[in-house]
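Thanks for coming. I will go through one structure this morning, one place after another, and keep it plain. Please have the picture open.

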Amino acid sequence: MNPFIELGIRHDIVNAITELGFEKPTPIQEQAVPVLLAGSNDFVGLAQTGTGKTAAFGLPLLELLDFSQKHPQALILCPTRELCLQISKDIEKYAKNLPDARVVAVYGGANISDQLRQIRRGVQIVVATPGRMLDIIGRKAIDFSNVRYVVLDEADEMLNMGFQEDINNILSTTPEEKKTWLFSATMPAEVRRIAKKYMTDPHELTMGTKNTGNENIEHQYYVVRARDKYPAFKRIVDSNPQIFGIVFCRTKIETQEIAETLIKDGYNADALHGDLSQQQRDKVMRRYRDRSLQLLIATDVAARGIDVNNVTHVINYSLPDEIENYTHRSGRTARAGKTGISLSLVNLKELGKIRQIEKVVGKSFVKAEVPKGEAVVEKQLFALIEKVQQVSVSENHIDPYLPKIMESFAELSKEDIVKRFASLEFNRFLEYYQNAPDLNVDPSESRGSERSKGKSDRFGRDEYKSDYTRLFINLGSVDEFTRGDILGYICNTTQISGKAIGKIDLKGVYTFFEVENASVDKVFSGFQHIDFNGRSVRVENAGERGADEGRSEKRNRSFRNGDGGGRKRRENGGGGFRDFSGRRREKSRW
Ligand code: AMP
């Protein structure tokens, strides 16, 4: 008998998922489906993405809902638009043979009237991001009084993004007696608190050990000097010619810069971050899914909810600010039973962070060596040979040219021809890697011996600062600026190049930014007598005041800045949790 039938799923649904290639349940499905099908328990599942959790809750929902009724009976809340679309599409596929089942995806950044129309037409399953959901509830356009099941998917991410209050408000419109099913990749105290608040005696399921990442992921780290980070990264990519990877950066600017440099260097790469329009992001994602792109360079926020199978490598170009994000990043590889590598490029100072992540992930990381130049060249050569072996030849089309081609090669031996073909691509790498230095740093070296005064690597951020002056400007995210916006605004106002600007630290009512020493005067003179929305713009040397002001603002700032979908708030990092009593708590930073 089909194992899904044994779990209690009806034939119509099993037929649909069989077409999707689901032959047997994944471990989480095997364990969660029978519990959820009983329909009588609250539920907490600690599971990574890629484990099949959408079906683990989606299949029981399809069994439990009454599709002859047209009102919302299940509400699934998730953190991002991408995940929202993914879940709704997946459930629609499972429900292919249930003609009365209606699923609607409700998310920000898209036309609300279409979503309202779909709701009006009748729907049993609503999949939503909290911001837009609240908007629709506020318009009194949906009635949740008959909701029987609420799923909180990627609960830790929703908290990370500051959605607690929204979730509170949404859930207050659903009946007391509904069942709540919570899924989370990690179980920080905040998620535990949610579970306590919303659930009665939930059935708990932990896939693998607590907070343990997917067993199929190998975690590696490379120790390099900050200024060698980009060349080391290129070497790693070059020595994996079949790489299909996601490269994580910490900021939008770094993401954009790395992507642009990679493209210039001939790589098949593009950037995904919050300064792109929705259309641009969709386009990049389409190209990545189609594998027209080999490397997706992304910020944590933009990459949330990305569900692309067969990602071979997750590359932590910069380690995440919050440890929990490492788990989210690495979960983008080794999906659906595949294996994958999550690798991090670190300098000596960051080794301690690796040890901390190891503790959270519950696995030792392997120290890997940046390949030597010759090894990269050899890898590339044999990748080329394999390509030649596997290329399909279109006989009809090439035949007419063959006599001429043969004539051109008449003088050459087979060996000569092979050498020349191989050299076509090979020369590029040979040239680049000739006399390439060893980029590895021995972790037993003392920190002091790291060549930390250098400034040759564009992306070795740590080593840049001495050439920059940190300035303060009295504009920030409350003025609707993103980091990208403020960069553009400063450049336009002062006529300095974006390249002269270093790190930008966007706060609520002000921003710190670094400017190359040579351009500081130009910034001061450019901002004389400038008004923004009737307010006089002030630029000052940040000097020592920065750290203190940053801290005090963090304590005082409110999360809610009225942007509905919360996109801007999230892209700017949030920076902490607020618990249910409204107190702010700091996240586990390094
Ligand atoms: P999820 O964790 O829900 O994002 O699922 C990860 C991937 O695994 C998705 O591409 C699913 O389509 C796939 N998947 C889920 N369940 C199964 C199954 N039982 N057999 C094969 N693939 C599955």
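Before anything else, a word on naming: helices are DSSP runs of H or I with at least four residues, and they are numbered from the N terminus. Keep in mind too that this is a predicted model.

With that naming, find I405, which sits in helix α19. Is I405 buried or exposed, or something in between? Its relative accessible area is 31%, so it counts as partly exposed. A patch residue needs over 30% relative accessible area. I405 belongs to a nonpolar surface patch of about 640 Å², together with V391, V393, I398, Y401, L402 and M406. Which helix gives the most to this patch? That is α19, residues 402-409, with 3 residues.

Next, the ligand. How many residues surround the ligand? There are 16, and the closest are K24, Q29, G50, G52 and T54. Sorted by class, this shell holds 4 nonpolar, 9 polar and 3 charged residues.

Three distances are worth pointing at. A ligand nitrogen is 2.8 Å from an N or O atom in the Q29 side chain. For G52 the partner is in the backbone: one of its polar backbone atoms is 2.7 Å from a ligand oxygen. At T54 the side chain is involved again, with an N or O atom 2.6 Å from an oxygen of the ligand. As for cover, the ligand taken alone exposes 500 Å², and the protein buries 82% of that.

Now salt bridges. A search of the whole structure turns up 21 of them. I will show three pairs and one network.

The first pair on my list is K234 with D265, where the closest N and O atoms are 3.3 Å apart. What does this pair tie together? K234 is in helix α11, residues 229-238, and D265 is in the loop between α12 and β10, so the bridge links parts that are 31 residues apart in sequence. The two partners have their own exposure classes. K234 has a relative accessible area of 6% and is therefore buried. D265, with 29%, is partly exposed.

The next pair is R355 and E358, with the closest N and O atoms 2.9 Å apart. Here both residues belong to helix α16, residues 351-361, and they are 3 residues apart, about one turn of the helix. R355 is partly exposed at 36% relative accessible area, while E358, at 14%, counts as buried. Buried means under 20%, so the 14% of E358 puts this residue in that class.

The remaining pair is K372 and D438, whose side chains meet in a salt bridge at 4.0 Å, N to O. K372 lies in the loop between β14 and α17, and D438 lies in the loop between α20 and β15, so this bridge ties together parts 66 residues apart in sequence. What are the exposure classes here? K372 is partly exposed, with 38% relative accessible area, and D438 is partly exposed as well, at 41%.

Then the network: K53, D153 and E154 are joined into one by salt bridges that share partners.

Let me move to two buried side chains that make polar contacts. E254 is in helix α12, residues 252-264. Its relative accessibility is 4%, so E254 counts as buried. Which side chain does E254 contact? The partner is the side chain of S318, in a polar contact of 3.0 Å.

The other one is T299, located in strand β11, residues 295-299. T299 is buried too, with a relative accessible area of 3%. A polar atom of the T299 side chain lies 3.2 Å from the backbone nitrogen of A302.

One last place, in a loop. D467 is in the loop between α20, residues 414-433, and β15, residues 468-473. At 29% relative accessible area, D467 is partly exposed. How far is the C-alpha atom of D467 from that of E516? These two residues are 49 residues apart along the chain, and their C-alpha atoms are separated by 5.9 Å.

To go back over two points on the picture: the protein buries 82% of the area that the ligand exposes when taken alone, and the nonpolar patch on the surface covers about 640 Å². That is the end of my tour.

How values were computed: Residues are numbered from 1 along each chain as its sequence is written. This is a predicted model: local features need pLDDT of at least 70, side-chain atom pairs count only at pLDDT 80 or more; totals for chains, interfaces and linings use all residues. Side-chain values use heavy atoms; hydrogens and water are left out. Patches are made of residues with over 30% relative accessible area and no salt bridge: like charges are joined within 9 Å, nonpolar side chains (Val, Leu, Ile, Met, Phe, Trp, Tyr) within 5 Å. Accessible areas come from the Shrake-Rupley method with a 1.4 Å probe; for residues, only the protein chains shown count as cover. Buried means under 20% relative accessible area, exposed over 50%, partly exposed in between (1.4 Å probe, protein chains only). A residue is near a molecule or strand if one of its heavy atoms lies within 4 Å of it. A polar contact is a pair of N or O atoms within 3.5 Å; within protein, one must be able to donate a hydrogen and the other to accept it, and residues adjacent in sequence count only if both atoms are side-chain atoms. Ala, Val, Leu, Ile, Met, Phe, Trp, Tyr, Cys and Pro count as nonpolar, Asp, Glu, Lys and Arg as charged, and the others, Gly among them, as polar.
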